[in-house]
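This briefing introduces a structure to a reader who has not met it before. Please view the sequence and the model first; the notes that follow are grouped by topic.

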Amino acid sequence: MRTKGLVFLSLGFMLSLVACGDSPRNADSARPSEHAEQNLIMIAVDTVRWDTWWIPERTNSEDAFSGWALESQVLSRTVSAAPWTVPSVSTVLTGLYPSQHGGGLFDQPVANLDKHIPSAISGAVPTLAEILSSVGMRTAAVSAHPWFDADYGFERGFDELLLRSGAGKVTQSGLEWLDAHAGDQYPYFLYLHYMDAHDQHLDLTASRAAVERMDAAERERLTATAPEPACEDPEAVMCIRYLRYAQATLSLRESIAHLLEELNARGALEDSVVVLYSDHGEAFHDHHERAEARAVDPRGFYGFGHGQSLYQEQLHVPLMIWHPEIGGKDVATPVSLVDVMPSILDWMGISLPEQIDYPGQSFAGAVERQEPRAFAWSAQSLRFPRSEDRELFASGIAYGPEQMAVISGGYKLIWHESDNAREFYDLSEDPRERNPVDGDTVAAADRLDAALGEYFDWFGSQDYLPPEMSEDVVERLKGVGYLQGVESSGERGESVSNGEEDEEAGEP
Amino acid sequence: MFQLRDLRRRAALCAAALGVVALVGCGGEPEAVDSRVVVLGFDGMDPVLARRWMDEGKMPHFSRLAAEGHFQELGTSNPPQSPVAWSSFATGKGPGEHGIFDFLRRNPETYTPNFSISENIPPDRFIKLFGLQVPLGSGEVINRRQGEAFWVKAERDEGARASVLRIPVTYPPDDIHRMLSGMGVPDLLGTQGTYTYYTTTRLGDAGSSTRTVRVRPDRQGRIESDFEGPPDPLLESGEPMRVPLVIEPAEAGARVRLGDDEVALEPGEWSDWIRVAFDVTGPVSVTGTVRLLLVQGYPSPRLYVSPIQIDPENPAVEIASPSGYAAELVEDIGLFHTIGMPEETWSLNEEHISDAAWLEMEKTILAEREAMWYETLDKNDSELVVGAFVQTDRVTHMFYRGLDEQHPRHEDTAPEHRDEVEWIYREADRILGETMDRLGPDDRLIVISDHGFAPFRKAVHLNRWLVDNGYLVLEDGATESDVVFSNVDWSRSRAYALGLNGLFLNLAGREGQGIVAADEVAALKAELSAGLAEWADSQTGEPVVRRVFDGEEAYRGPERGDAPDLVVGYHRGYRASWQTTLGAIPKPLMEPNRQKWSGDHCIDPALVPGVLFSNFTPEVAISGIRDVWQLTRRQIREDES
């Protein structure tokens, strides 16, 4: 029988966090033995696909971000641990997989984020902000994502949490916070979460209007970058949505460039590690046919959005680092967002909590060993190398029965809990997962399956509990497309409509 | 067939004994009894339903008994719950004297509920050795029921040998001629019935009676897991003992290997008994017995494993008197369910198993009970024979929805399962016929039930009513509470509900954080009673509560201190919610009962009397179940004289 997922956690760590929470700032003598010399700036660009992020490079053009990209270390094969925000951001902020941190899970046979409130990060799991705070860093988060205000555990360890909407305000509040603490003697951790690519394409009318305003050349350029088959018909709803999404993503790139310029102007990049990541991608009918054939999405539409499958358009995400001592590099080693926390702590010279057996690995060494050669886009970057046989996992379906995936040795296995079905893909040859391969022809099939079996066993038998949520927070989450069927008062977590009535953005 | 085996076994025993010492009575049949008093209980048999089916000719033996002897309604206990009523039956006393007021008893210090019927007192002395804790002495199990059962008194005062089978609240067994304990006997985990459910897909929340194990088949469909037994008593860590469990695809369903046993099952098929041996650290092992049900087959198999029964051939605790009696029974009738409440009903309520699978289990249990009942009657070596069939109660609880067209679950009860209550009454009639066939001309037969039945259409969150009316106060910011009043602010709370009918004041000096002063009690009880009497169902306008009883008036005797301050007698159709019984406070005040547990009786006792039949006319007026004690005593004494 499986052991409970979190029994390996000890209260001792939490106690030590409490014990040294604020004291370092008040008295130098109380400064912990471990402390950071560098600042950390994390930038989350919610809902950005790997391939969409690189549209300027893919179309041989440039934008304000292009120059920053050349100076960064690009982890070009980064896999998210989950296809939607709560479990994925929880992974970034805890260094644990969803089964271990417990965030964003559903105790239901068929998850439905429209109707059920997902679980929060387990209280026993320390967060990155708590760890950095415990070594004396000042911490602040500015987020456009309402989940940050919903007691999911994201807020833990941050001295300040500011909720702002729109890239401009997120950036502005972040910079104001920096300016206000410019004279502090202690390093800081600033977390900025941008939502600009998340939901603009959900509003079809507005999307259509925006696309109609595009000039023809721009529209043609973006159409050429669309995943098949979204723009087979350039007037199709899915193509309009994609074009709006691409436009929003490009605009977000500009916003991030602006942020980096402002940080640079303040000298903040000289003593900071800057990490940019996306928590998950977005599907534009990339796997519509397969999803429709399985027909397990409780909303009744298939292959659009995120949270409903584990295909690469939702898992392959940007991850970029700017480190003052390391120039532009292209690091093709496959990594997971579960590696982000160990890598950051590695760079900053801070140990991981000993009580926890972290599944991630620091990629700091891999980055440093890599020859200096700036990342240049090519379709090759979609392919995962055969040579790397470390196992990277993903799970955490928000709409439908649970699925789990493992990527290793260039292969990927997606396992469907509801019917024990398996899909194998060769990501070295078929990175867009067009054609599943027969598992019997994959030499590593049993190894991948056994690895997923071990990952499965990390799920505890404990209940994954949703937090108490105020009506205000429920309303704000509804505003960005979540919890559409959850009543704001009365019996929450109960089904209130029968599913067929769900419209979301309508059948896209 | 078991009778033949029985004779053969007895012959062998006698032959062995004769080799050592001549034994009285071994020469022939056991000494026959001239006349007996036979008391047969059908738990939950309702007089209205019985009369209906008697009138329709569906219960001919009951009709004959009523025509040739006696039939009347039998008042039940207050509250009308089986453990309370059967305790009154056994002792002839009320709850104030026998001390059983509910399925649950509360600890006023902590407001926590506990099982009321029996209590396991662990050994308090251990030596700790090499990381192991070795118990010194074996601990103790006590029956919390006070007072003397009539079978004990009959043996002592009249010298009447008594055989008592599966009467509720008889655990641990009394030291009498022959007893097999009933309700109160735990499973091997020490609970009242915890099943294990292996599933490859996630389930919604399940109650505490369930151990859900999520498992994942490998590419060949093979599932490797463990089956957990009780904690290793020698290990300080409390780690459970385990046996390996493997599920593999098989042609028609699945092959399951549990410990050393392997069985192939089709979907919906039950296994025979499987004996599971849990190895305690060191050379000892504890055995229990389980049955497996393959709920569904591949690609997403689900396997149900019954609560682990105390192995009657190697009982971990005494469940019978004399202690070898359970093992003797196995020789005669094969392995059987030993847990006090043999029908594990929660799996059906949670819809983890189907109506058909549950009924299949019920038929097995009924056959076991019949076999041991007839064996006892056929032995004819006891002046007093007492036995109860609880199957009437369990089937009625789970299938009232078929009978009750107004029940929220009536429509989706399959037509073939709508008449299961009638089926179990017909079965009771058949068992009565078999029993009457086995009686001698001078044998006196008393047939009783402990209570009747009513529909359970709406679940009443009584604690929510107390919150809404200001008697129970949640902590600041909390809108609901989990079990055991997790979010209650006791410093501002004056009353709380716990158990199926109990309402308690938060009394200063009695409750752990009591605030109600002694001189406020009478007024507060009056206020609560009046408020509850006015409570109307907002959907129908019907009253929810029919009568509220003052515990001080309702109960007399030394155990009265444990009694609820008020006992809530709900109206027909209403019952305390499961959440209320355990001190949880969800948001709604009342909910339609959408569970399969669709009939109940924990309401105003006047609405749910039981039945009394006898093959003679009682000499005295019998009004309630506690009078059966007098009636039985009188028959025994007549036999004696």
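In helix α4 of chain B, the residues B:S82, B:P83, B:V84, B:A85, B:W86, B:S87, B:S88, B:F89, B:A90 and B:T91 are buried, where buried means that 20 or more other C-beta atoms, placed from the backbone, lie within 10 Å of the residue's own (12 or fewer is exposed, and in between is partly exposed). The model is predicted: local features need pLDDT of at least 70 and side-chain atom pairs count only at pLDDT 80 or more, while totals for chains, interfaces and linings use all residues. Residues are numbered from 1 along each chain as its sequence is written, and chains are lettered from A and ligands numbered from 1 in the order in which they are written.

**Helix α4 of chain B**

- Helix α4 covers residues 82–91 of chain B and is mostly covered, with 10 of its 10 residues buried; helices (H or I, at least four residues) and strands (E, at least two) are DSSP runs, numbered from the N terminus.
- The buried residues of α4(B) pack against α5 (95–98), α6, α10 (391–403) and α16 (627–640) of chain B; a contact requires that the C-beta atoms of two residues, placed from the backbone, lie within 7 Å.
- After α4(B) comes B:G92, which has a positive phi near 70 degrees.

**Chain B as a whole**

- Chain B contains 16 helices and 33 strands.
- The C-alpha trace of chain B spans about 75 × 70 × 55 Å along its principal axes.
- The radius of gyration of chain B is 25 Å, which agrees with the value near 26 Å for a compact globule of 641 residues; this radius is taken over C-alpha atoms, and the globule rule is 2.2 Å times the number of residues to the power 0.38.
- Of the 641 residues in chain B, 49% count as buried.
- Among the contacts in chain B between residues at least 6 apart in sequence, 67% link residues at least 24 apart.

**The eight-stranded sheet of chain B**

- An open sheet of eight strands in chain B has the order β2-β33-β24-β1-β23-β9-β10-β22, with mixed pairing; two strands pair if DSSP finds at least two bridges between them.
- The edge strands, each paired on one side only, are β2 (70–74) and β22 (320–321) of chain B.
- Helix α6 (residues 150–158) of chain B packs on this sheet and touches β9 (162–165) and β23 of chain B. The direction of α6 makes about 165 degrees with that of β9(B).
- Strands β1 (residues 37–42) and β23 (residues 384–389) of chain B are joined in the parallel sense by six bridges, and B:G41 stands opposite B:A388 in β23(B).
- Strand β33 (residues 610–614) of chain B has five of its five residues buried. B:G610, B:L612 and B:S614 lie on one side and B:V611 and B:F613 on the other, so both faces are covered.- In a regular strand the side chains alternate between the two faces of the sheet.
- Strands β2(B) and β33(B) run antiparallel and are joined by five bridges; B:L612 in β33(B) is the bridge partner of B:Q72.
- Strand β24 (residues 444–448) of chain B pairs with β33(B) in the antiparallel sense over three bridges, and B:S614 in β33(B) is the bridge partner of B:I446.

**Two crossing helices in chain A**

- The axes of helix α11 (residues 216–223) and helix α12 (residues 237–265) of chain A come within 10 Å and cross at roughly 100 degrees. Axes are lines fitted to C-alpha atoms, for helices over the stretch in contact, and angles run from 0 to 180 degrees between N-to-C directions.
- α11(A) and α12(A) are therefore roughly perpendicular to each other, a term for angles of 65 to 115 degrees (under 35 is roughly parallel, over 145 roughly antiparallel, and the rest oblique).
- A:R219, A:L222 and A:T223 in α11(A) meet A:C239, A:L243, A:A246 and A:Q247 in α12(A).

**Two buried residues of chain A**

- A:T78 lies in strand β3 (residues 78–79) of chain A and is buried, with 25 other C-beta atoms within 10 Å.
- Leaving aside neighbours within four places in sequence, A:T78 is in contact with A:V317, A:L319, A:V335 and A:L337.
- A:Y455 belongs to helix α17 of chain A and counts as buried, with 23 C-beta neighbours inside 10 Å.
- Not counting residues up to four places away in sequence, A:Y455 touches A:S99, A:F393, A:M404 and A:V406.

**Where the chains meet**

- In the interface, 21 residues of chain A are in contact with 21 residues of chain B.
- Helix α17 (residues 445–457) of chain A supplies the largest share of the side of chain A that touches chain B, five residues.
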